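Biologist: I keep hearing labels such as "domain", "edge strand" and "right-handed crossing" thrown about. Can we put the model up and test them against their definitions?

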Amino acid sequence: MTDLFSKFDPIIAMREGLLATGITDPFGLVMEKVLSPTTAICNGRETILLGTYNYMGMTFDPAVIAAGKQALDEFGSGTTGSRVLNGTYAGHRACEDALKEFYGMEHAMVFSTGYQANLGIISTMAGKGDYIVLDIDSHASIWDGCKLGDAEVVPFKHNDIAAMEKRLKRIPEGAGKLVILEGVYSMLGDIAPLKEMIAIAKENGAMVLVDEAHSMGFIGPNGRGVAEDQGCLGDVDFVIGTFSKSVGTVGGFCVSNHPKFEILRLVCRPYVFTASLPPSVVATAATSIRSLMHGANKRAHLWENSRVLHAGLKARGFKLGTESPQSAIIAVIMPDLERGAAMWEALLNEGLYVNLARPPATPANMTLLRCSLCAEHTEAQVQTIIGMFERAGQAVGII
Amino acid sequence: MDRAATEAKIAALLAPFNTKGIAVGDATSFAGDLEFDSLTVMDFVAAIEDEFEIIISMNQQAEIETYGQLVDAVVKLQG
């Protein structure tokens, strides 16, 4: 018998090799108690959270929590059904209404996760004979959506406008075209030149889908994302987003002005064949989304946090993923996995939690310590974080 | 462009990626013999696409394991 698990042997060996050095397992961390959007108890000690994607700090918002509790009381713990059968409650509609208002768009469709939103929309829309042109650094959910569908998949070099245009122009005449971009690329925290790319996509007759998972609530005058910030949201056919970042719960969505959009509710399998989100989740999401519409002050503070942390780490000699702060993600580039894991552990011992990102999830096989800031991080916390990085970096010999 | 001319151009494009100087023939495999990782594949495919002004979609790439198969695919894609 061939062991079907033998294909995982290289990654098992890599993991064992790393743990044999005596390091704490970076993927085995348990948060024993969560105190606030920015602090938790990990390994019995209070730890500053700098790797949660909780950009707007909505997870402990009193109105959000109250809405969830009320929905639990009034609608129960779960829907036990698909959206197209018994799984559409008043709360799901209210949540979609909040999204339509947030984005100023005609249609909104809520999925059970952001991953499923990409999986469902991409695989359903782009079928046999159609072409998907996408950035090579796209998120796993986008790649999996491509794999689930039957379209021809054509990647181009990250953020390379000319490479995208050349490929669009080579697509056979008459074929359907979908260009997939992200507002913020989550590994390095860099943004896309959406304005230029979307203009070219439109000139070449393509529909455009933009994943704004890491920008919602934060980037753009109304927090609608990078496309809004660059003044091209009106040219985006489909915006994909998530509730598990700025919104502070779980779920995914697509908003669009496409006149036939609603048919997706009947033909999109990852939407049809999944139980819908629990009433408490959609209630917290709707309340949070409506609150994010008025989040200008929090947005300003989050930008300030991002600028201060970026400048502080750069001044101390760390190599960062972007020259200037472009989002709420600051990626600190590590020389290799061993020292990246050592640095991650040193930071945890200091009382700071960040994400350790390693190949193959990272571009160019980099090892990254990914920091995601929160609007609830205080100025003092950001200074504390910089001090922790400095001590840990010196201890591990990275700076 | 005939197979020989196409092959000559591909050989020239492959050279900078063949860092170990492996002798390349039709049966040479990209993953096994040339040890291409996904990043190398992307850069190499992009170079070929731009040279011949074609698209080699991921779906087509999945069918191409050897150098000979690549040359055949590029000949075909040029029409």
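Modeller: Sure, let's start with the domains: the C-alpha centres of domain 1 of chain A and domain 2 of chain A lie 27 Å apart. Before we go on, this is a predicted model, where local features need pLDDT of at least 70, side-chain atom pairs count only at pLDDT 80 or more, and totals for chains, interfaces and linings use all residues. Residues are numbered from 1 along each chain as its sequence is written, chains are lettered from A and ligands numbered from 1 in the order in which they are written.

Biologist: What makes a stretch of chain A part of domain 1 or domain 2?

Modeller: The bounds come from an automatic or database domain assignment. That assignment gives 17-56 + 296-396 for domain 1 and 62-292 for domain 2.

Biologist: How do you know which residues make the contact between them, and how many come from each domain?

Modeller: Two residues count as in contact if their C-beta atoms, placed from the backbone, lie within 7 Å. By that test, domain 1 of chain A gives 18 residues and domain 2 of chain A gives 20. On the domain 1 side, α12 and β13 of chain A each give two or more residues, and β13(A) has the largest share, with three. That side divides into eleven nonpolar, six polar and one charged; here Ala, Val, Leu, Ile, Met, Phe, Trp, Tyr, Cys and Pro count as nonpolar, Asp, Glu, Lys and Arg as charged, and the others, Gly among them, as polar.

Biologist: What makes β13 of chain A an edge strand?

Modeller: First the vocabulary: helices (H or I, at least four residues) and strands (E, at least two) are DSSP runs, numbered from the N terminus. Two strands pair if DSSP finds at least two bridges between them. The sheet has three strands in the order β13-β16-β15 (chain A), and the pairing is antiparallel. β13 (329-334) and β15 (355-357) of chain A each pair on one side only, so "edge" fits, given that pairing takes at least two bridges.

Biologist: How do you know that β13(A) and β16 of chain A pair?

Modeller: There are six bridges between β13(A) and β16 (residues 367-372), and pairing asks for at least two, so they pair, in the antiparallel sense. A:Ile333, for instance, has A:Leu368 in β16(A) as its bridge partner.

Biologist: And β3 of chain A with β14(A), how many bridges join those?

Modeller: Two, with β3 (residues 45-49) and β14(A) running parallel, so that pair passes on "at least two" as well. A:Ile48 stands opposite A:Leu352 in β14(A). The open sheet there has four strands, ordered β1-β2-β3-β14 (chain A), with mixed pairing.

Biologist: Why is the crossing of α4(A) and α5(A) called right-handed or left-handed?

Modeller: A crossing is left-handed if the near helix is turned anticlockwise from the far one by less than a right angle, and right-handed if clockwise. This one is right-handed. The axes of α4 (residues 114-125) and α5 (residues 140-148) of chain A come within 8 Å and cross at roughly 35 degrees; axes are lines fitted to C-alpha atoms, for helices over the stretch in contact, and angles run from 0 to 180 degrees between N-to-C directions. The contact's residues divide into six nonpolar, five polar and one charged, among them A:Tyr115 and A:Ile122 in α4(A) and A:Cys146 in α5(A).

Biologist: What makes chain B's score a confident one, in terms of pLDDT?

Modeller: pLDDT is the predictor's confidence in each residue, from 0 to 100. Chain B averages 94, and 100% of the residues score at least 70, so it meets the bar for local features throughout. The whole model scores ipTM 0.93 and pTM 0.96.
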